[in-house]
Amino acid sequence: MMIEFIPDWLIVFWNWFPVDIQTVLIILGKIVLILLPLLLSVAYVTYAERKVIGAMQVRIGPNRVGFFGFRLWGLGQPIADTLKLMMKEVVLPTKANKFLFLTAPVLSIAPALAAWAVIPFDRGMALTEINAGLLYVLALTSIGVYGVIIAGWASNSKYAMLSALRAGAQIVAYEIAMGFALVGVLMASGSLNLGDIVEAQAGGFENWFAWPLLPLFFVYFISGVAETNRAPFDVAEGESEIVAGFHVEYSGMAFAIFFLAEYANIILISALTSLMFLGGWLSPFENAAFAQGTFLAETSLLWFVGKISFFIFVFFWLRATFPRYRYDQIMRLGWKVFIPVTIVWLVVEAVMFVAKVGPWAV
């Protein structure tokens with residue numbers, strides 16, 4: 001239908017390209033359509049965090065920088081922060097490994113952005129549909145730890161190196177728990193395809209995997225908080241302990257990329273939690289009598305965005321509520337609590353599946 005509104009000269013110009021070039025241009029266009037809103041969302045998640053935590057702590061938060069001479073609740077603050085960081089000098093430590101020093105931020109943010117290639121936003125709405133989408137996400141998100149380790153080592157600073165080792169150990173510990181939690185989702189859905197995982201939860205909120213896999217749901221999300229080095233698991237950036245963490249020697253846009261990677265990972269973890277456990281784009285009221293014939297019962301991108309927004313809010317809520325844990329407490333939780341819980345629940349899930357008990361009673 002949209003082709004009727006495209007000028008004839010534009011169609012002629014498009015047909016002038018070979019088919020292979022058209023395919024590449026279409027893929028590039030899809031990538032831009034995903035990355036631009038994602039990067040804008042990353043910028044404004046920083047603004048939302050400052051406003052939400054400000055409200056929780058009974059203070060105002062950003063309220064000065066706006067647009068066109070109007071303050072507009074400080075909505076221009078993320079853009080002002082970006083411009084400030086772009087104009088700041090990137091200082092390279094004298095004895096640092098300059099190549100690895102500049103590669104580390106890229107290794108941190110690239111997996112968080114590349115993972116969105118297989119994230120389905122709605123039924124049939126994904127950059128690429130692959131059957132091993134879950135495996136692809138696990139493989140990519142595992143690369144992020146290298147950015148942290150390389151940043152600490154390449155800085156040639158004892159503070160940065162100690163923090164990188166602590167952060168790396170923390171990420172590895174919680175990554176194992178996250179992997180086991182996703183094995184439970186794989187067993188429940190019978191597929192590695194993210195779209196199929198969502199479709200397996202069709203039928204309303206009572207069919208969401210969050211209920212039969214409740215322990216795995218909590219383990220996955222809390223492990224995601226620890227994986228992103230967010231409070232109360234942010235010992236890698238404990239200013240009172242180790243200056244500013246593994247990125248202590250970074251400045252300007254090099255530091256900003258680490259900052260963006262953290263918030264991009266927050267959005268990614270929120271999206272994956274929504275897809276795996278809360279039905280993604282599916283409506284919670286699909287079979288509800290009161291919602292029939294209304295938009296409430298329809299699948300929509302808005303449901304997916306709403307669920308992501310809820311989990312992002314929970315990230316902020318945790319930061320405003322809990323004090324920072326000691327490092328030994330963090331490692332104990334990852335190795336001695338979360339991993340045993342996931343293993344035990346995988347056995348329980350297998351028994352439920354074989355005995356056809358609960359949601360598998362068919």
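This tour moves through a predicted model one selection at a time.

**Stop 1: the main core**

Start with W116, M276 and F277. In the largest nonpolar core, which has 69 residues, these three touch the most other members. Now colour helix α11, residues 252-277. Helix α11 gives the most to this core, with 12 residues.

Keep W116 on screen and show its contacts. Leaving out residues up to four places away in sequence, W116 touches I34, L38, F121, I267, L268 and A271. Then look for a separate group. Apart from the core of W116 lies another core, of 15 residues. Select A104, A167, I171 and F258, which are among its members.

**Stop 2: helix α11 end to end**

Is α11 enclosed or open to the outside? Of its 26 residues, 20 are buried, so α11 is largely enclosed by the rest of the structure.

Next, put a distance monitor on its two end C-alpha atoms. They are 38 Å apart. At 1.5 Å a residue, the 26 residues of α11 should span 38 Å, so the two values agree.

Step just past the helix to G279. Just after α11, G279 takes a positive phi of about 80 degrees.

**Stop 3: the second largest pocket**

Bring up the second largest pocket. Its volume is about 580 Å³. Which lining residues should you select to find its centre? Of the 23 that line this pocket, P37, S41, W116, F121 and V305 are the closest to the centre. Two of those names are familiar. W116 is one of the residues that touch the most other members of the largest core, and F121 is among the contacts of W116.

Colour α2 (19-56) and α12 (301-321). Each of these helices supplies at least two residues of the lining of the second largest pocket. The most comes from α2, with 9 residues.

Now colour the lining of this pocket by class. You get 19 nonpolar, 3 polar and 1 charged residues.

**Stop 4: the cavity**

Rolling a probe the size of a water molecule over the atoms shows where empty space is left. How many cavities of 30 Å³ or more does the count give? The count comes to 1 cavity of 30 Å³ or more.

The largest cavity has a volume of about 40 Å³. Select V118, P120, A126, E129, I130, G133, N193, L194 and G195 to show the residues that line it. By class, the lining of the largest cavity has 5 nonpolar, 3 polar and 1 charged residues.

**Stop 5: backbone in the loops**

Go to L72, in the loop between α2 and α3 (77-87). Phi of L72 is near 50 degrees, a positive value in a residue other than glycine. L72 counts as partly exposed because its relative accessibility is 35%.

Jump to N156. You will find N156 in the loop between α6 (144-154) and α7 (158-189). N156 is not a glycine either, and its phi is positive, near 55 degrees.

Then select A231 and P232. A cis peptide bond joins the pair, with omega about 5 degrees. P232 is in the loop between α9 (214-227) and α10 (239-242).

**Stop 6: a buried serine**

Select S223, in helix α9. Why does S223 count as buried? Its relative accessibility is 0%, and buried means under 20%. Show its contacts: S223 touches Y174, A177, M178 and F338, not counting residues up to four places away in sequence.

**Stop 7: two distance checks**

Pick V172 in helix α7. V172 counts as partly exposed because its relative accessibility is 38%. Add Q201, which is 29 residues from V172 along the chain. Their C-alpha atoms are separated by 30 Å.

Finish with E206, in the loop between α8 (194-199) and α9. E206 counts as partly exposed because its relative accessibility is 46%. Add N287 to the selection. E206 and N287 are 81 residues apart in sequence, and 9.9 Å apart in space, C-alpha to C-alpha.

How values were computed:
Residues numbered from 1 in each chain as written. Predicted model: local features only at pLDDT ≥ 70, side-chain atom pairs only at ≥ 80, totals over all residues. Heavy atoms only, no water. Core = buried A, V, L, I, M, F, W, Y, C linked by side-chain atoms within 4.5 Å. Buried < 20%, exposed > 50% of the residue type's maximum accessible area, 1.4 Å probe, protein only. Helix = DSSP H or I, 4+ residues; strand = E, 2+ residues; numbered from the N terminus. Contact = heavy atoms within 4.5 Å. 1 Å grid on protein atoms, 1.4 Å probe; cavity = no way out; pocket = protein on both sides within 12 Å on 5 of 7 lines; lining within 4 Å. Points joined across faces, edges and corners; volume = space filled by probe spheres on them. Nonpolar A, V, L, I, M, F, W, Y, C, P; charged D, E, K, R; others polar. Expected span 1.5 Å × (residues − 1).
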